[in-house]
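Colleague: Hello! Could you walk me through this structure, one step at a time?

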Amino acid sequence: MGKEEKAAQQQKQQQAEASRKEQDAAMPKKRAQSEAKAGQEEDVHTCCGCRFPLLLASLQLALGVSVTVLGFFMAGISASLLVRDTPYWAGIIVCVVALLGFVMLCISYQPDEKTCIQFAIKVAYFLLSALSLIVCVLAVAFASYRYSQITQFTCEAVPEICQCKLDTVDPLSRTFIFQNVLGCDDITSTFSLYLLIQIVLNLLAAIVGFAACFVMWKDRYQVFYVGIRFHSFTAPGGQQQKV
């Protein structure tokens, strides 16, 4: 009986060693297949050579800086302009969203949202993107309303003041007074051109904000990659981690 037990144990050991060798031989193939699949997925989830969320964050930053700078230029035309007519506040919000997007992309995420900071940044980026969408739409509405008024203005220039009316025939028509201006051309020409540019820029920023919300919503179902992607060569099968 002792010899039979030893023979059985030796046979089991030989079988275990054979299966281990087969697994070791299959590991490089699985790793190569995983890397090839990752490369294909990287090609699918890239746009213009970069990840789609990175492209959105870059567009948000560029549009936010443009809107902010142009808004301060508009505020310098006249001291009588309202804050809603110089939407630098919309550009600042878009810039904050873009910076948060870059922070999110620089974090190495864990799968299935196992870290609190990952979850908090993703939620904050989604909510701020939605806020930037609403704010940019408001900026477009304010700029469009003011532009429609300026096209109907009849202006009269006095030293450092421009007086404009919507209807010169109606004595009760509202009079708009713009102080600290060089001439009425600053309002009827330069300021109206700035308003048109603001409409276009804020409309683009609203579209990008909507796209960012859409990406984050789809990312919940692991359609888009967000953050730094890396391969774990120590894990079985070389599985990759994604958000």
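**Contacts, helices and disulfides**

Modeller: Gladly! Leaving aside its neighbours within four places in sequence, S132 touches I93, V94, V97 and G209. Please keep in mind that this is a predicted model.

Colleague: Where does S132 sit, and is S132 buried or exposed?
Modeller: S132 has its place in helix α4. A residue counts as buried under 20% relative accessible area. S132 has 2% relative accessibility, so the word for S132 is buried.

Colleague: How are helix α3 and helix α4 oriented to one another?
Modeller: Two packed helices are described by the angle between their axes and the distance between the axes. Here the axes of α3 (residues 88-106) and α4 (residues 116-150) come within 9 Å and cross at roughly 160 degrees. Angles over 145 degrees count as roughly antiparallel, so α3 is, relative to α4, roughly antiparallel.

Colleague: Which residues of α3 make the contact with α4, and what is the handedness of the crossing?
Modeller: From α3 come W89, A90, I93, V94, V97, L100, G101, V103 and M104. Among their partners on α4 are I121, Y125, L128, S132 and F142. As for the crossing of α3 and α4, the handedness is left-handed.

Colleague: How many residues of the contact of α3 with α4 are nonpolar?
Modeller: The residues of this contact fall into three groups. One residue is charged and three are polar. The nonpolar ones number 16.

Colleague: How many disulfides does a search of the whole structure find?
Modeller: One disulfide is formed by C155 and C164, with sulfur atoms 2.2 Å apart. Another joins C162 to C184, at 2.3 Å from S to S. For the whole structure, the search gives two.

Colleague: Which parts of the chain does the pair C162 and C184 tie together, and how many residues apart are they in sequence?
Modeller: C162 belongs to strand β4 (residues 161-165), while C184 is in the loop between β5 (175-179) and α5 (185-219). The pair therefore ties together parts whose separation in sequence is 22 residues.

Colleague: What pattern do the disulfides of the chain follow?
Modeller: To get the pattern, bonded cysteines are counted along the chain. C155 is bonded to C164, and C162 to C184. Read that way, the pattern is 1-3, 2-4.

Colleague: Of C155 and C164, which is buried?
Modeller: C155 has 26% relative accessibility, so C155 counts as partly exposed. The other partner has 0% relative accessibility and therefore counts as buried: C164.

Colleague: What about C106, is that cysteine buried or exposed?
Modeller: Exposed means over 50% relative accessible area. C106 has 58% relative accessibility, so C106 is exposed.

Colleague: How is F214 placed, and what separates the C-alpha atoms of F214 and F126?
Modeller: F214 is found in helix α5. With 43% relative accessibility, F214 counts as partly exposed. Along the chain F214 and F126 are 88 residues apart, and their C-alpha atoms are separated by 8.9 Å.

Colleague: To finish, how many helices and strands does the chain have, and what share of the residues is buried?
Modeller: The chain has five helices and seven strands. From the N terminus on, these elements run α-β-β-α-α-α-β-β-β-α-β-β. Of the 243 residues in the chain, the buried share is 34%.

Note on methods. Residues numbered from 1 in each chain as written. Predicted model: local features only at pLDDT ≥ 70, side-chain atom pairs only at ≥ 80, totals over all residues. Heavy atoms only, no water. Axes fitted to C-alpha atoms, helices over the stretch in contact; angles between N-to-C directions. Helix = DSSP H or I, 4+ residues; strand = E, 2+ residues; numbered from the N terminus. Parallel < 35°, antiparallel > 145°, perpendicular 65-115°, else oblique. Left-handed = near helix turned anticlockwise from the far one by under 90°. Contact = heavy atoms within 4.5 Å. Nonpolar A, V, L, I, M, F, W, Y, C, P; charged D, E, K, R; others polar. Disulfide = S-S within 2.5 Å. Buried < 20%, exposed > 50% of the residue type's maximum accessible area, 1.4 Å probe, protein only.
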